[in-house]
Amino acid sequence: MAKKAKKKPVKKAAKKAAPKKAAKKKAPAKKAAKKPAKKAAPKKAAKKPAKKAAAKKPAAAPAPKPQTAVAPYLTFLGNCEEAFNYYRSIFGGQFGYVGRYSEMPPMEGQPAMPESEARKIMHISLPIGNTVLMGADAAGGFGGETIIGNNISVSINAVSKADADRIFNGLANGGNVTLPIADQFWGSYFGMCVDKFGINWMMSYDPNAGKKM
């Protein structure tokens, strides 16, 4: 009898391990490109309601230029203060300035002033309206002899030193200078003269005249 051929065991083909699927590499996360920060647009200032143009004020008138001022000057024989207190009681107001001979610096070569003279009025002023009434007691060192009747002088306040010289020299021409015009201890540029008609004049320039008068 024919031998049955032995069936060779079929070798099961080793299952080839299926190649592992390569792990998908994760794509690197795209970094979000930073967008440049938008600059905040400047806030528009809220428009203020337009102000109505203020009515134009009329241009101020230019300040008046200083002018030469003329005032009466009264000379007394020791009773100036009494007289001016009386005038003030009539006209009212306040004295602009009161100075006594005691305020004068000692004069070289002259004896000391007695107390009775030192208390006398060297200069006093009383504003009246737009002018000023001024006066003083007579003193031997200033001007000539005082006689009741010629005891009124015309006082001039100039606008400059040069103007004071011009006026003073004109008035003194042909007359008599009783006190040469010069800088005085109280701060004024001052002089006195009698003109050729016998009128007494007092010439003064003082930048601060308005404060003293």
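Q: A nonpolar core is a set of buried Ala, Val, Leu, Ile, Met, Phe, Trp, Tyr and Cys residues joined through side-chain atoms within 4.5 Å. Which residues make up the largest one in this model?

A: One thing up front: this is a predicted model. Its largest nonpolar core has 12 residues: Ile 156, Ala 158, Ala 164, Ile 167, Phe 168, Leu 171, Ala 172, Ile 181, Tyr 189, Cys 193, Trp 201 and Met 203. Helix H3 (161-172), strand S7 (189-194) and strand S8 supply at least two residues each. H3 gives the largest share of this core, 5 residues.

Q: Say I pick one core member, Ile 181. What does Ile 181 touch, leaving out residues up to four places away in sequence?

A: A contact is a pair of heavy atoms within 4.5 Å. On that count, Ile 181 reaches Ala 164, Asp 165 and Phe 168, and also Tyr 189, Phe 190, Gly 191 and Met 203.

Q: Let's zoom out. How many helices and strands does the chain have, and what pattern do they follow along the sequence?

A: You'll find 4 helices and 8 strands. Reading along the sequence gives β-α-β-α-β-β-β-α-β-β-β-α.

Q: And in what order do the strands sit in the sheet?

A: Sheet order is about who pairs with whom, and strands pair if there are at least two bridges between them. This open sheet of 8 strands goes S2-S3-S4-S1-S5-S8-S7-S6, and the pairing is mixed. Strand S2 (97-100) and strand S6 (176-183) are the edges, each pairing on one side only. On average, neighbouring strands of the sheet are turned by 20° against each other, ignoring direction.

Q: Starting from the S2 edge, how do S2 and S3 pair?

A: They pair in the antiparallel sense, over 4 bridges, with S3 spanning residues 121-128. You can check the register residue by residue: Val 98 has Ile 124 in S3 as its bridge partner, and Arg 100 has Ile 121.

Q: What happens on the other side, between S3 and S4?

A: That pairing is antiparallel too, over 5 bridges. Ile 128 stands opposite Thr 131 in S4. The two strands form a hairpin with 2 residues between them, and Gly 129 in the turn has a positive phi of about 60°.

Q: Is S3 mostly covered or mostly open?

A: Mostly covered, with 6 of its 8 residues buried. Helix H1 (residues 80-91) lies across S3, as well as across strand S1 (69-76), S2 and strand S4 (131-137), and runs at about 10° to S3.

Q: What about the S6 edge, and how does S6 join S7?

A: S6 and S7 run antiparallel, joined by 5 bridges. Ala 182 stands opposite Phe 190 in S7. This hairpin has 5 residues between its strands, and Gly 187 in the turn has a positive phi of about 110°.

Q: Next door, in S8, is Ser 204 buried or exposed?

A: Buried means under 20% relative accessible area. Ser 204 has 8% relative accessibility, so Ser 204 counts as buried. Ser 204 belongs to strand S8 (residues 200-205). Beyond its sequence neighbours up to four places away, Ser 204 touches Ile 156, Asn 157 and Ala 158, along with Ser 188, Tyr 189 and Phe 190.

Q: Try a charged one: is Asp 195 buried or exposed?

A: At 11% relative accessibility, Asp 195 counts as buried. You'll spot Asp 195 in the loop between S7 and S8. Setting aside neighbours within four places, Asp 195 is in contact with Leu 171, Gly 175 and Trp 201. The C-alpha of Asp 195 is 9.6 Å from that of Phe 168, with the two positions 27 residues apart in sequence numbering.

Q: How many disulfides does the structure hold?

A: There are 0 disulfides. As for individual cysteines, Cys 80 is buried, with a relative accessible area of 0%, and Cys 193 counts as buried at 1%.

Q: Last one: what do the whole-chain numbers say about burial, contacts and surface?

A: Of the chain's 213 residues, 27% count as buried. Take the contacts between residues at least 6 apart in sequence, and 58% of them join residues at least 24 apart. The accessible surface comes to about 17500 Å², with 59% belonging to carbon and sulfur atoms.

Definitions and conventions:
Residues are numbered from 1 along each chain as its sequence is written. This is a predicted model: local features need pLDDT of at least 70, side-chain atom pairs count only at pLDDT 80 or more; totals for chains, interfaces and linings use all residues. Side-chain values use heavy atoms; hydrogens and water are left out. Axes are lines fitted to C-alpha atoms, for helices over the stretch in contact, and angles run from 0 to 180 degrees between N-to-C directions. Buried means under 20% relative accessible area, exposed over 50%, partly exposed in between (1.4 Å probe, protein chains only). Accessible areas come from the Shrake-Rupley method with a 1.4 Å probe; for residues, only the protein chains shown count as cover. A disulfide is a pair of cysteine sulfur atoms within 2.5 Å.
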